[in-house]
Amino acid sequence: MYDLVIKNGTIITPSSSFKADIAVKNGKICAVEEHIEDDALECVDASKKMVLPGAIDPHTHLAMPFGGTVSADDYYAGTRAAVCGGTTTVFDFALQDFGEKMVDTVKRRDALCAPDAVCDYAFHVGVKDVSGELLDSMKECVEYGVPSFKVFMVYDFGVTDGIFFKVLEKSKEIGALIGVHAENNEMVNMLTEKYISEGKTSAYYHYLSRPEWVEGEADERAIDWAKAAGAELYIVHLANKQGMKAVEKAKAKGYPIYAETCPQYLYFTSDVYKREDGRNFVCSPPMKGQESMDALWAGIKKGSIDTISTDHCPFLQAEKDWGINDFRKIPNGCAGIENMYPFMLAQANAGRITFNKVVEICCSNTAKLFGCDTKGSLDIGKDADIVIYDPEKDFTIHNSNMHSDTDHTIWEGVKLHGYPIKTFVRGTLVYDNGEFVGKRGFGKFLKRSPRPKRA
Ligand code: URP
Ligand code: ZN
Ligand code: ZN
């Protein structure tokens, strides 16, 4: 007898959509057939609904000390919100302390996360210090099931160009993928000082101190270094046209350069920083102009954007207000963990892209790039991380119907046609039509495979 059968739905894969039933036993998908007649402990009718793999969010910052405070969602609130938006695996950034072995960084964060997470989770290590033996400690991390690292070219903990290059070189040896937050730090600092000295302190100057070219130039440099090192590179939260073009050029020449973007860059332009609540949209990189947004959408359609993430890093309104008269004091980051899959699926529902494309960039590509062997599709043997989506359900986003601990959302008032109605993690129902029904601590640390060797 099966534990769960989902009947009469339309199954969505990256390459096809078809009517089938899907059966689950011991948390795994064990049959996908036209008609499953066997008994099940639980049977869900998905007539007129779509059945999709749960999304994987490869970029979140939960309970992260940052910007003079700690991001507002801890591992419980953040993962609770994730599953209520159809995301069943989250990748959080474990930021290394100076002098700390990277595997210890992972263990330190896992100790916080394990008792709280309601869905499965993985970590990327945010690299700060590769002095002495610490560079070699990356290998231990890969062996522990964490084969991905991120370097920041900005912020006070950003790495030097030399460290970035060393990390890229090391990644080839150990089967790791390096992510980069690419913005030109010197330019950001110079422009920030200039605007402040001119008394230009509103949120719009956050954007003007990090304009298109500040990100685009850093993307180009990062790609050049990856090429020189013969390493793979994953550009996180890509938000500009110049960078998109650089990724496309590198991909066309066969270089293993991958790009992630986020829903906020696909929906908002830099005009949001002129709004009275512009500070709430402050994140880095900032939202850019219409041309960049168009280039990102075109990149999705062409296959040059590999994944979608949220960069979920919410702060409370009172914290955002610190920078009401000085954009430098606004903690960088916005909420989005519950909005990624519903937003992308609503774009498919409106005909802008296909549902198959959404599954590709929100699930299967992400699983493949980051070595999540049991996740990312509805194939037999995979974890039964499943979302049932009602393409006819209308939903308006309000902070009050979100499930995180934040007190505002940049997505307030945005209307979506179509919405997830049920989420299962390893076959267990965790979200049911507006309500979180999961359990704290149910989520498991996901040990991942290293990158495959390249010729
Ligand atoms: O503004 C952002 N994105 N905050 C989180 C840290 C980062 O850069 O990813
Ligand atoms: Zn970043
Ligand atoms: Zn981030």
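Colleague: Hi! How many Å separate the zinc ion (ligand 2) from the zinc ion (ligand 3)?
Modeller: They are 3.5 Å apart. Bear in mind that this is a predicted model.

Colleague: Thanks! Which residues coordinate the zinc ion (ligand 2)?
Modeller: His181 does so through ND1 and His237 through NE2, at 2.1 Å.

Colleague: And what is the arrangement of the donor atoms around that zinc ion (ligand 2)?
Modeller: Irregular, because the angles subtended by its 4 donor atoms run from 56 to 142°.

Colleague: OK, on to the other metal. Which residues coordinate the zinc ion (ligand 3)?
Modeller: There you have NE2 of His59, NE2 of His61 and an OD atom of Asp311, at 1.9 to 2.0 Å.

Colleague: Where do those donors fall along the chain?
Modeller: The spacing for the zinc ion (ligand 3) reads H-x1-H-x249-D.

Colleague: Why is the arrangement around the zinc ion (ligand 3) called irregular?
Modeller: Its 4 donor atoms subtend angles of 89 to 138°, and a set counts as tetrahedral only if all angles lie between 85 and 135 degrees, so the arrangement is irregular.

Colleague: Makes sense. Changing topic: where does ligand 1 sit?
Modeller: Ligand 1 is in the largest cavity.

Colleague: How many residues surround ligand 1, and which are the closest?
Modeller: There are 13, and the closest are Tyr155, His181, Ser284, Asp311 and Asn332. You have met two of those names already: His181 coordinates the zinc ion (ligand 2), and Asp311 coordinates the zinc ion (ligand 3).

Colleague: How do the residues of that shell divide into nonpolar, polar and charged?
Modeller: The shell around ligand 1 has 4 nonpolar, 7 polar and 2 charged residues.

Colleague: What lies 3.3 Å from an oxygen atom of ligand 1?
Modeller: A polar side-chain atom of Lys150. For Ser284, a polar backbone atom is 2.8 Å from an oxygen atom of ligand 1. Asn332 has a backbone N or O atom 3.0 Å from a nitrogen atom of ligand 1.

Colleague: Last one: how much of ligand 1 does the protein bury?
Modeller: Taken alone, ligand 1 exposes 270 Å², and the protein buries 100% of that.

Key: Residues are numbered from 1 along each chain as its sequence is written. Chains are lettered from A and ligands numbered from 1 in the order in which they are written. This is a predicted model: local features need pLDDT of at least 70, side-chain atom pairs count only at pLDDT 80 or more; totals for chains, interfaces and linings use all residues. Side-chain values use heavy atoms; hydrogens and water are left out. A residue is near a molecule or strand if one of its heavy atoms lies within 4 Å of it. A polar contact is a pair of N or O atoms within 3.5 Å; within protein, one must be able to donate a hydrogen and the other to accept it, and residues adjacent in sequence count only if both atoms are side-chain atoms. Accessible areas come from the Shrake-Rupley method with a 1.4 Å probe; for residues, only the protein chains shown count as cover. On a 1 Å grid over the protein atoms alone, a cavity is a set of points where a 1.4 Å probe fits but cannot get out, and a pocket is an open set with protein on both sides within 12 Å along at least five of seven lines; lining residues have an atom within 4 Å of a point. A molecule sits in a cavity or pocket if more than half of its atoms lie within 2 Å of its grid points. Ala, Val, Leu, Ile, Met, Phe, Trp, Tyr, Cys and Pro count as nonpolar, Asp, Glu, Lys and Arg as charged, and the others, Gly among them, as polar. Donors are N, O and S atoms within 2.8 Å of the metal (3.2 Å for Na, K and Ca); water is not among the atoms, so sites may look incomplete. Four donors count as tetrahedral if all angles lie between 85 and 135 degrees; four count as square planar and six as octahedral if opposite donors are over 155 degrees apart and all others between 65 and 115; anything else is irregular.
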